[in-house]
Amino acid sequence: GLADPAPIVYTVQTNPKMSDNYHIDSIVCLADCKHINQHLDEVKPEGAVNEAQQQVAFADKILLNKIDLVTDDEKTKLKS
């Protein structure tokens, strides 16, 4: 599923009970190699946010899964 990581980070950083016990070191985005371009290119209605673009932009690291479902050429295009 898609989720905006910003509210989670905000909650951890601003809630003393959480920030005293937890530290967010990085944000990892798990991306489906077979369908990520479809989600990134999806045109949303005016005023709506493309959650896939937001997740990828917010992430420190992007972990690609389902790489066995794409060709080498598709992998290369995705990485660029």
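Start by selecting V28, which sits in strand β1, residues 28–32. Keep in mind as you click around that this is a predicted model.

Is V28 buried or exposed? Its relative accessibility is 51%, so it counts as exposed, the cut-off being over 50%. Now add L30 and L63 to the selection: together with V28 they make a nonpolar surface patch of about 300 Å².

Next, colour the whole of β1 by face. V28, L30 and D32 lie on the uncovered face, while C29 and A31 make up the covered one.

Stay with β1 and bring up β2 (61–65). How do β1 and β2 pair? They run in the parallel sense, with five bridges between them. To see the two strands side by side, select D32, which stands opposite N65 in β2.

Just past that strand, go to K66, in the loop between β2 and α5 (72–79). Check its backbone: phi is near 60°, a positive value in a residue that isn't glycine. K66 has a relative accessible area of 39%, so it is partly exposed.

Now head inside. Which residues form the largest nonpolar core? Select A31, C33, I36, V70 and L78, five residues in total. A31 is one you've already met, on the covered face of β1. As background, nonpolar side chains in soluble globular proteins tend to be buried together.

Finish on V70, a member of that core. Show its contacts, skipping neighbours within four places in sequence, and you'll find C33, K34 and K75. Of these, C33 belongs to the core too.

Technical notes
Residues numbered from 1 in each chain as written. Predicted model: local features only at pLDDT ≥ 70, side-chain atom pairs only at ≥ 80, totals over all residues. Heavy atoms only, no water. Core = buried A, V, L, I, M, F, W, Y, C linked by side-chain atoms within 4.5 Å. Buried < 20%, exposed > 50% of the residue type's maximum accessible area, 1.4 Å probe, protein only. Contact = heavy atoms within 4.5 Å. Helix = DSSP H or I, 4+ residues; strand = E, 2+ residues; numbered from the N terminus. Patch = residues over 30% accessible without salt bridge, like charges linked within 9 Å, V, L, I, M, F, W, Y side chains within 5 Å. Areas by Shrake-Rupley, 256 points an atom, 1.4 Å probe, with all protein chains shown as cover. Salt bridge = Lys/Arg side-chain N within 4 Å of Asp/Glu carboxyl O. Pairing = 2+ DSSP bridges.
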